[in-house]
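Thanks for sending this one over. Here are my notes, point by point, to read alongside the structure.

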Amino acid sequence: QVTKIKSANPDAVMLLPQTIPMGEVFVTQVFESGLKAQGLGNEVFGLEGGIKGYAEQAEGFYSPSAVFAKENSPEFAQLKAQTQCELGVYCATTYDGIFLLGEILEKCGDKDTTCVRDALYATQGWQGKLSGETSIDENGDVAGVFQVNQVKSGKLVKVA
């Protein structure tokens, strides 16, 4: 696939890995092919644990990363240290999501899936300990705040 992409001489190539190891595979293949297109990646590229494995090959890549309330807090630092989680917002939202789901299960019980779904969809302004405010829309999607980063000298640098 990389050979076909390279022969098309694109201005940009977007890589959409779903895991950090796959991100490393994709970036390495593009880098080794000599493809000179602008690199774009999904939020996996913006994860702290991801860039460590392929910063040199991803130089110049752009990617979004989620911004969350307690990213630089002692509480989040403690969670990262205890769990060795390097997945940024995913660590915080997973932690908080357990408490949100716990509240909903207390209200609905564990057998009324319609109640659970409706309660999730009705979540507006729920305050998590680490990720901040959570609201869920009628499609079950969670809104978020993102920034755009670029890989520069092995680090993710905010550009927008």
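1. Let me start with the fold. In this predicted model, the chain contains six helices and seven strands. Following the sequence from its start, they come in the order α-β-α-β-α-β-α-α-α-β-β-β-β. The C-alpha trace extends over about 55 × 35 × 25 Å along its principal axes. The chain has 160 residues, and 36% of them are buried.

2. Next, the nonpolar core. The largest one has 16 residues, and those touching the most other members are L15, V27, F45, I51, Y54, A58 and F61. At least two residues each come from β1 (12-15), α2 and α3. The largest share belongs to α2, which supplies three residues. As background, nonpolar side chains tend to be buried together in soluble globular proteins.

3. Three of those core residues deserve a point of their own, as F45, Y54 and F61 make up one aromatic cluster. In total, the structure has four aromatic pairs. One of them joins F45 and Y54 in an edge-to-face arrangement, with 5.5 Å from centre to centre and 65° between the planes. Another joins F45 and F61, and this pair is stacked, with 5.5 Å between centres and 20° between planes. What does the stacked pair tie together? F45 sits in the loop between β2 and α3, while F61 sits in the loop between α3 and β3, so the contact links parts that are 16 residues apart in sequence.

4. Are the rings of this cluster on buried or exposed residues? Buried means under 20% relative accessible area, so F45 qualifies with its 2%. Y54 is buried as well, at 0%. F61, at 7%, also counts as buried.

5. Now the disulfides, of which the structure holds two. Counting bonded cysteines along the chain, they follow the pattern 1-2, 3-4. One of them links C85 and C91, with the sulfur atoms 1.7 Å apart. You may want to look at that value alongside the other link, which joins C108 to C115 with an S to S distance of 2.1 Å.

6. On the geometry of these links, the torsion about the S-S bond of C85 and C91 is about -85°, so this disulfide is left-handed. The link of C108 and C115 is left-handed too, with -65° about its S-S bond. As for their surroundings, C85 and C91 are both buried, and C108 and C115 are likewise buried.

7. Turning to pockets, the largest has a volume of about 900 Å³. It is lined by 40 residues, and A66, V67, F68, G88 and V89 are the closest to its centre. Several elements give two or more residues to this lining: α3 (48-54), β3 (62-67), α4 (74-83), α5 (89-108), β5 (133-134), β6 (145-152) and β7 (155-158). Which element gives the most? That is α5, with six residues. By class, the lining of this pocket is made up of 18 nonpolar, 13 polar and nine charged residues.

8. The second largest pocket has a volume of about 200 Å³. Its lining consists of 15 residues, with L35, A37, Q57, E59 and F61 nearest the centre. Two elements, α2 (20-33) and β2 (38-41), give two or more residues to this lining. The most come from α2, which gives three. Sorted by class, the lining residues are seven nonpolar, five polar and three charged.

9. Finally, a few residues and elements that come up under several headings. F61 is among the residues nearest the centre of the second largest pocket, and F61 also belongs to the aromatic cluster with F45 and Y54. The helix α2 gives the most to the lining of the second largest pocket and also supplies the largest share of the largest nonpolar core. The helix α3 contributes at least two residues to that core and two or more to the lining of the largest pocket.

Note on methods. Residues numbered from 1 in each chain as written. Predicted model: local features only at pLDDT ≥ 70, side-chain atom pairs only at ≥ 80, totals over all residues. Heavy atoms only, no water. 1 Å grid on protein atoms, 1.4 Å probe; cavity = no way out; pocket = protein on both sides within 12 Å on 5 of 7 lines; lining within 4 Å. Points joined across faces, edges and corners; volume = space filled by probe spheres on them. Helix = DSSP H or I, 4+ residues; strand = E, 2+ residues; numbered from the N terminus. Nonpolar A, V, L, I, M, F, W, Y, C, P; charged D, E, K, R; others polar. Phe/Tyr/Trp six-rings, centres within 6.5 Å; stacked < 30°, edge-to-face > 60°. Buried < 20%, exposed > 50% of the residue type's maximum accessible area, 1.4 Å probe, protein only. Disulfide = S-S within 2.5 Å. Core = buried A, V, L, I, M, F, W, Y, C linked by side-chain atoms within 4.5 Å.
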